[in-house]
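Let's walk through this fold together, one piece at a time. Keep the structure open beside you as you read.

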Amino acid sequence: MRTSSDHTSTAPAEFATSSRYDDTDRINPTIPAAAAPDTSASAALDDRFEDWGEDARYFEYSKASDPLAGGAISPVPAATFSPDLYRDGPTRVVPLDLSAELGIAGGPATSPGLLASFARIRAGDRLPTAPNATSQLYYVLHGRGFSVVNGSIVRWSKGDFLTLPAASVATHHAEDDTAFYWVTDAPLMRYLGVEATTPRFSPTKFSREDAVAELQRVAEAPGANDKSRVSVLLANAEEEQTLTITHVLWAMFGLLPVGQVQRPHRHQAVALDLILDCRPGCYTLLGDRIDDRGEIIDPTRVDWEPGGAFVTPPGKWHAHHNESGAPAHLIPVQDAGLHTYLRSLDIRFSDRG
């Protein structure tokens, strides 16, 4: 137990001549109580001080803790986009733009952090791209050609994936009529007010042959249809933590077998879903809640269209159904690499079998 003399002996040196010191001294005993501020420097700057309080705002907690529920920020809509956007016409990029619905200024956006686009390149034409983005993903919907990226050349054809990192200046040359599905994180860069200058991974190609072979191996494995998904996640060797295709983007090459229902699930990353092939009878159900049996309550139905795309909002329960009599394939792309790194993805599955 401390004695009174012990307490006195521990006082800082500047108080050694005093027999005691008050509570103020105990709070910050390294500053002498008698010290007075030196006002000479601030006095010399009196005419240069500015009032930065004009933009300050104060909210009672319950009024501002959930801007989405309060209507200050708009929700991500469950939008669909037709393949008619790129089926014919001149060489061009068609942004799948929901910026008006999202209240996003400064450029197109499909979700708060991502922009998906269809890109069409007529045979013999070329398309330059150089977005301010840390991550780009291209999927070749049809066609063949090659890309020149920062002086390097890579060939591609239908079914191939390409990923490009920050500071990628590319020109895509089409030998046949070509269409890409192209996703970048340019809206995230605009929101952060930054320029993406440092590549976080090397340009990478995922060939159709390898992706199809991997998916077939998964689909033919015992018990494949008993799992939540029959799919392959594409990953880059640099992403050892997130196991994703880039440090921001996540991509899945998936099969929806005949008669299967992929049980309801949800996650906090927005999904930009591309439908590769399907017949009528393939669809997704979306809803805010599930019941005690794991079924989505009052769902909204989104019918699939071959070559089309749709947006699955974050936090929505969704389930994929195949009642068409033929297998279907899809490629969801999300900013789940970023969410995984932030530990905020929060993917959950219902208990329904």
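Start with the sheet of 5 strands, which is open and runs in the order β17-β16-β19-β14-β21, with antiparallel pairing. Bear in mind as you look that this is a predicted model. At the edges of that sheet you'll find β17 (300-303) and β21 (348-349), each of which pairs on one side only. Further in, β14 (residues 261-266) and β19 (residues 317-322) run antiparallel and are joined by 3 bridges. If you want a spot to zoom in on, try Q262, whose bridge partner in β19 is H320.

Now for the other open sheet. Here 6 strands line up as β1-β18-β15-β20-β13-β12, again with antiparallel pairing. Which strands stand at the edges? They are β1 and β12 (230-234), and each has a single partner strand, so one side of each is left without a neighbour in the sheet. As a general reminder, strands of a sheet pair through backbone hydrogen bonds, either parallel or antiparallel.

Strand β18 (residues 309-312) is a good one to linger on. A309 and V311 point one way from β18, F310 and T312 point the other way, and all are buried. Both of its neighbours in the sheet order are worth tracing. On one hand there's β1 (residues 80-81), which pairs with β18 in the antiparallel sense over 2 bridges; look for T80, whose bridge partner in β18 is F310. On the other there's β15 (residues 271-277), paired with β18 in the antiparallel sense over 4 bridges. Along that β15 pairing, L272 stands opposite V311, and A271 stands opposite T312.

Compare that with strand β4 (residues 126-129), where the side chains alternate in a different way. L127 and T129 point to one face and are buried, while R126 and P128 point to the other and are not. The partner to look at is β9 (residues 170-174), which pairs with β4 in the antiparallel sense over 4 bridges. Within that pairing, T129 stands opposite A170 in β9.

L127 also takes us to the packing. It belongs to a second, separate nonpolar core of 13 residues, which includes A119, V140 and W156 as well. And the largest nonpolar core? That one has 38 residues, and F118 and Y181 touch the most other members.

Next, the pockets. How much space lies in the largest pocket? About 790 Å³. The largest pocket is lined by 28 residues, and the closest to its centre are I73, V76, P112, G113 and V270. Helices have a part in the lining too: α7 (186-192) and α9 (336-342) each supply at least two residues. Of the two, α7 is the one to pick out, since the largest share of the lining, 4 residues, comes from α7.

Finally, zoom back out to the whole chain. The protein chain has 9 helices and 21 strands, and 43% of its 353 residues count as buried. Among contacts with a separation of 6 or more, 74% are between residues 24 or more positions apart. The accessible surface comes to about 19600 Å², and 52% of that belongs to carbon and sulfur atoms.

Terms used. Residues are numbered from 1 along each chain as its sequence is written. This is a predicted model: local features need pLDDT of at least 70, side-chain atom pairs count only at pLDDT 80 or more; totals for chains, interfaces and linings use all residues. Side-chain values use heavy atoms; hydrogens and water are left out. Buried means under 20% relative accessible area, exposed over 50%, partly exposed in between (1.4 Å probe, protein chains only). Contact means heavy atoms within 4.5 Å. Accessible areas come from the Shrake-Rupley method with a 1.4 Å probe; for residues, only the protein chains shown count as cover. Two strands pair if DSSP finds at least two bridges between them. A nonpolar core is a set of buried Ala, Val, Leu, Ile, Met, Phe, Trp, Tyr and Cys residues joined through side-chain atoms within 4.5 Å. On a 1 Å grid over the protein atoms alone, a cavity is a set of points where a 1.4 Å probe fits but cannot get out, and a pocket is an open set with protein on both sides within 12 Å along at least five of seven lines; lining residues have an atom within 4 Å of a point. Grid points are joined across faces, edges and corners, and a volume is the space filled by probe spheres set on the points.
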